[in-house]
Amino acid sequence: MSILKSKGRFKDLLVISLCVVMVFTITACSKKERSMVLATTTSTQDSGLLDYLLPLFKEDTGITVKVLAKGTGEALEVAKRGDADTLLVHATSQELQFVKDGFATERLEVMYNDFVLVGPKDDPAKLKEKAPSDALAALKLISSSKANFISRGDKSGTNRKELAIWKSAGITPTGKWYISAGKGMGAVLTMASEKKAYTLTDRATYLNMKSTLDLDIVTEKGKDLLNQYALLRMDDSKNKIKVKEENEFIDWMFSDKGQKLIGEYGMPLFVPNAN
């Protein structure tokens, strides 16, 4: 009888152990399998910020974030189709229109950096000397000297900022010297370096790539060069999205920890300013 009882207890223990293992396995798998899609600008990707933040976010939440890095205009279109769970972009007027059109319930400013004009080290248009902090004067010098300029040309936030500065300067850029690339920020910086051209870039992406480029900052810190980023909370009545994961991501980015990490990245490359 004692042997039978021992065998019975062993079976019971074995069953309990298997159940415990199964529970832990299911819990771990379900945590591991949580995911969401973030549509964002190429600058948050090319600057290295997301490579820094997202593994830390996953450690805290178990959520894997798939990144779709596009120009802001294209990122907004991706979200309109329901192919993203949230947005991190930097084109205020487009973002406000996106909310007005009912695709998002709110726009939440989360961080900023600034734009800079970069160009060849010999600076043929003399921007460092004549327009070190005046973006309008800098573009006038580029235009009058017909120095090569590479435009993103992709309806991104950076492209829209560039076009707005040209407009404020009273210039419609045309001619062989003005090249519309239709590419992301990293690719445009590489082109500008190869072609000894000027371009407008966010500071973070430039600094992250600086060691690979033959470009210097020639104009910076002017009033026209602020670069504000915002998260858009999607309206789930428009499209089927992962609301729980989206809210966790937004809450984490706005938490003391998230804001601290943003501020610590780089030198820093971004300034947290969540309201």
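Sorted by class, the lining of the largest cavity comes out as 7 nonpolar residues, no polar ones and 1 charged one. This is a predicted model, so treat everything here as computed from it. The residues around that space are Leu117, Ala135, Leu139, Phe149, Glu162, Ile165, Leu200 and Leu225. Glu162 is the charged member of the set, given that Glu counts as charged. Two helices, H7 (135-145) and H8 (157-168), each put at least two residues into the lining. As for volume, the largest cavity has about 30 Å³, and the structure holds 1 cavity of 30 Å³ or more.

Phe149 is a handy way to get from the cavity to the aromatics, since Phe149 is among the lining residues. A search of the whole structure turns up 10 aromatic pairs. One to look at is Phe149 with Trp166: the ring centres are 5.6 Å apart and the planes sit at 80 degrees, so this pair is edge-to-face. Phe149 belongs to strand E5 (residues 149-151) and Trp166 to helix H8, so the contact ties together parts that are 17 residues apart in sequence.

How buried are the two partners? Phe149 has a relative accessible area of 0% and is buried. Trp166, at 1% relative accessibility, counts as buried too. The ring pairs go on from there, linking Phe149, Trp166, Trp177 and Tyr178 into a cluster.

Now for the strands. E9 (residues 226-234) is mostly covered, with 8 of its 9 residues buried. Which strands does E9 pair with? Strand E3 (residues 86-89) is one partner, antiparallel over 3 bridges, and strand E4 (residues 104-120) is another, also antiparallel, joined to E9 by 9 bridges. Here are the two pairings, each with one bridge to click on:

| Strand pairing with E9 | Sense | Bridges | Bridge partners |
|---|---|---|---|
| E3 (residues 86-89) | antiparallel | 3 bridges | Leu87 and Leu232 |
| E4 (residues 104-120) | antiparallel | 9 bridges | Asp114 and Leu226 |

If you want to follow the side chains along these strands, keep in mind that in a regular strand they alternate between the two faces of the sheet.

One more contact involves a ring, this time with a charge. Which ring does the charged end of Lys238 sit over? That would be the ring of Phe103, with the charged end 5.2 Å from the ring centre.

Key
Residues numbered from 1 in each chain as written. Predicted model: local features only at pLDDT ≥ 70, side-chain atom pairs only at ≥ 80, totals over all residues. Heavy atoms only, no water. Buried < 20%, exposed > 50% of the residue type's maximum accessible area, 1.4 Å probe, protein only. Helix = DSSP H or I, 4+ residues; strand = E, 2+ residues; numbered from the N terminus. Pairing = 2+ DSSP bridges. 1 Å grid on protein atoms, 1.4 Å probe; cavity = no way out; pocket = protein on both sides within 12 Å on 5 of 7 lines; lining within 4 Å. Points joined across faces, edges and corners; volume = space filled by probe spheres on them. Phe/Tyr/Trp six-rings, centres within 6.5 Å; stacked < 30°, edge-to-face > 60°. Lys NZ or Arg CZ within 6 Å of the ring centre and 35° of its normal.
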